[in-house]
Number of protein chains: 2
Amino acid sequence: MKEKYMKLAIKEATKAYKIGEVPVGALIVKDDQIISKAYNKKEKIGSVTRHAEIIAIEKASKKLNNWRLDGCDIYITLEPCPMCASAIKQSRIANIYCGLNNSDENNINIVKSILKKDKINGSCNINCGLFSSEIEELMKKFFLSCRNKK
Amino acid sequence: MKEKYMKLAIKEATKAYKIGEVPVGALIVKDDQIISKAYNKKEKIGSVTRHAEIIAIEKASKKLNNWRLDGCDIYITLEPCPMCASAIKQSRIANIYCGLNNSDENNINIVKSILKKDKINGSCNINCGLFSSEIEELMKKFFLSCRNKK
C-alpha cells in the first residue's frame with residue numbers, strides 16, 4: 001500500500017514539474033482512503049506557503065471538517081522543510097512517509113527536533129527512502145531544465 | 001514607530017480574542033507602510049495553517065505580487081511557532097518584532113535554529129519584548145475564559 005500511495009505522490013510531483021515548479025507532491029491517507037492530494041504551487045500562487053504539504057493539509061482539514069487530522073498519514077516525495085514539518089505535527093498527523101532525503105543536514109536536524117513529542121503534541125514518525133532514486137531523477141531533471149533556461 | 005506597529009498587531013490579536021481564537025495578531029511593514037495585517041483564525045477556518053503570520057504573509061505576497069518579501073518586517077504579538085518562523089524566513093522577511101516570548105524552551109531553540117543563515121536564505125533577526133505585559137494580560141484573559149467555558 002505504501003508503494004501505491006508514494007506513486008500517487010510522485011504523480012502529483014510530476015504535475016508541479018510540468019508547470020515549472022520544484023517537483024514536490026503530497027498525499028494524505030486515512031484508513032486506506034485518500035483524503036487529499038496536492039503539489040507545490042509556490043511560484044504559480046506566489047507565496048512561500050503554497051508547498052504541497054500545506055495545500056494537502058488544508059484540503060484534508062476542509063474535507064474532514066477539522067484541523068485535527070488524527071489517524072492520518074502523509075506521503076511526500078521530498079523530506080519536508082521546517083514550515084511543513086511543523087504544520088504536519090500540529091495537525092496531529094501520526095506518520096510521514098517521504099521519498100527523498102533532504103540533502104541539507106541542518107534541515108534534517110531541525111525537522112527531527114520539530115517532530116519530537118512536546119508540551120502540546122505527541123511525536124510524529126518519519127520514514128524516508130521510498131522510490132528515492134526515481135524521485136531524485138525527477139528533481140535532477142527539474143534543476144537541469146532550470147539551468148538550461150538561464 | 002515600532003510601538004505604533006506593535007499596537008496595531010495587538011489590535012489584530014484582540015479581534016482573534018473576540019471570536020474565541022488564541023489571541024495572536026501580525027502586521028507586515030515595508031518602508032514605513034503597512035503591507036498586511038491578520039489575526040489567528042485556526043478554529044474559524046479549521047486548519048492549523050491559519051495562524052496570523054501565515055495569513056499576513058499570504059496577503060503581503062498577493063499585494064506585492066511576489067513570494068519574496070524583501071525589505072519587509074513582521075510584528076507579531078507572540079513569538080512564532082516553527083511553522084510560522086520557517087515561513088517568515090523563507091519569505092525573506094528581515095526582522096521579526098514580537099511581543100511575548102513563548103514559554104516553551106524547546107520552541108525557542110527550534111525557532112532560533114530556523115532563523116539562522118542556511119544554504120538558501122540569509123538570517124532573520126528576532127527581537128522580543130514589546131508590550132509583553134499587555135499581551136500577557138490578553139493571553140491570560142483568553143485562557144481563563146477557556147477554562148470558565150469548560
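**Exercise 1. Find the partner of Glu58(A) in chain B, and follow the network from there.**

Step 1. Glu58(A) pairs with Arg50(B) in a salt bridge, their closest N and O atoms lying 2.8 Å apart. Here a salt bridge is a side-chain nitrogen of Lys or Arg within 4 Å of a carboxyl oxygen of Asp or Glu. As background, side chains of opposite charge can pair when their charged atoms come close.

A word on the model before we go on. It is a predicted model, in which local features need pLDDT of at least 70 and side-chain atom pairs count only at pLDDT 80 or more, while totals for chains, interfaces and linings use all residues. Residues are numbered from 1 along each chain as its sequence is written, chains are lettered from A and ligands numbered from 1 in the order in which they are written, and side-chain values use heavy atoms, with hydrogens and water left out.

Step 2. Now look inside each chain. Glu58(A) also meets Arg50(A) in a salt bridge of 2.9 Å, N to O, and in chain B the side chains of Glu58(B) and Arg50(B) do so at 3.0 Å.

Step 3. Put the pieces together: salt bridges link Arg50(A), Glu58(A), Arg50(B) and Glu58(B) in a network.

Step 4. Are these residues buried or exposed? Buried means under 20% relative accessible area, exposed over 50%, and partly exposed in between (1.4 Å probe, protein chains only). Glu58(A) has 19% relative accessibility, so it counts as buried. Arg50(A) is buried at 11%, and Arg50(B) is buried with 11% as well.

**Exercise 2. Describe the interface between chain A and chain B.**

Step 1. Begin with the residues in contact, that is, with heavy atoms within 4.5 Å. Chain A brings 29 residues to the contact and chain B brings 29 residues.

Step 2. Next comes the area. The size of an interface is often given as the accessible area lost when the parts come together. Buried area is the accessible area (1.4 Å probe) that two parts lose on being put together, summed over both. Between chain A and chain B it is about 2,200 Å², and carbon and sulfur atoms give 61% of that. On the chain A side, Val48(A), Trp67(A) and Gln90(A) lose the most area to chain B, together 26% of what that side buries.

Step 3. Count the pairs. Two salt bridges are found between chain A and chain B. Eight residue pairs are in polar contact across the interface, both residues at pLDDT 80 or more. A polar contact is a pair of N or O atoms within 3.5 Å; within protein, one must be able to donate a hydrogen and the other to accept it, and residues adjacent in sequence count only if both atoms are side-chain atoms.

Step 4. Which helices of chain A supply at least two residues each to the side that touches chain B? They are α2 (42-46), α3 (52-64), α4 (82-90) and α5 (105-115). The largest share of that side, five residues, comes from α4(A). Helices (H or I, at least four residues) and strands (E, at least two) are DSSP runs, numbered from the N terminus.

**Exercise 3. Work out how the two chains are related.**

Step 1. Rotating by 180 degrees, with 0.0 Å of shift along the axis, superposes chain A on chain B with an RMSD of 0.0 Å. That is the relation of a two-fold axis. The superposition is by least squares on the C-alpha atoms of residues with pLDDT of at least 70 in both copies.

Step 2. In chain A, Met83(A) has the C-alpha nearest the axis, 1.9 Å from it.

Step 3. The same surface serves both copies, as 100% of the contact residues of chain A recur in chain B.

**Exercise 4. Place Ser47(A) and list what surrounds this residue.**

Step 1. Ser47(A) sits in the loop between α2 and α3 of chain A. Its relative accessible area is 4%, so Ser47(A) is buried.

Step 2. The side chains of Ser47(A) and Thr49(A) are joined by a polar contact of 2.9 Å.

Step 3. Leaving out residues up to four places away in sequence, Ser47(A) touches Lys42(A), Glu58(B), Ser61(B) and Trp67(B).

**Exercise 5. Find a salt bridge within one helix.**

Step 1. Lys15(A) forms a salt bridge with Glu12(A), the closest N and O atoms being 2.9 Å apart.

Step 2. Both residues lie in helix α1 (residues 2-18) of chain A, three residues apart, about one turn of the helix.

Step 3. Compare their exposure: Lys15(A) is partly exposed at 36%, whereas Glu12(A) is buried at 4%.
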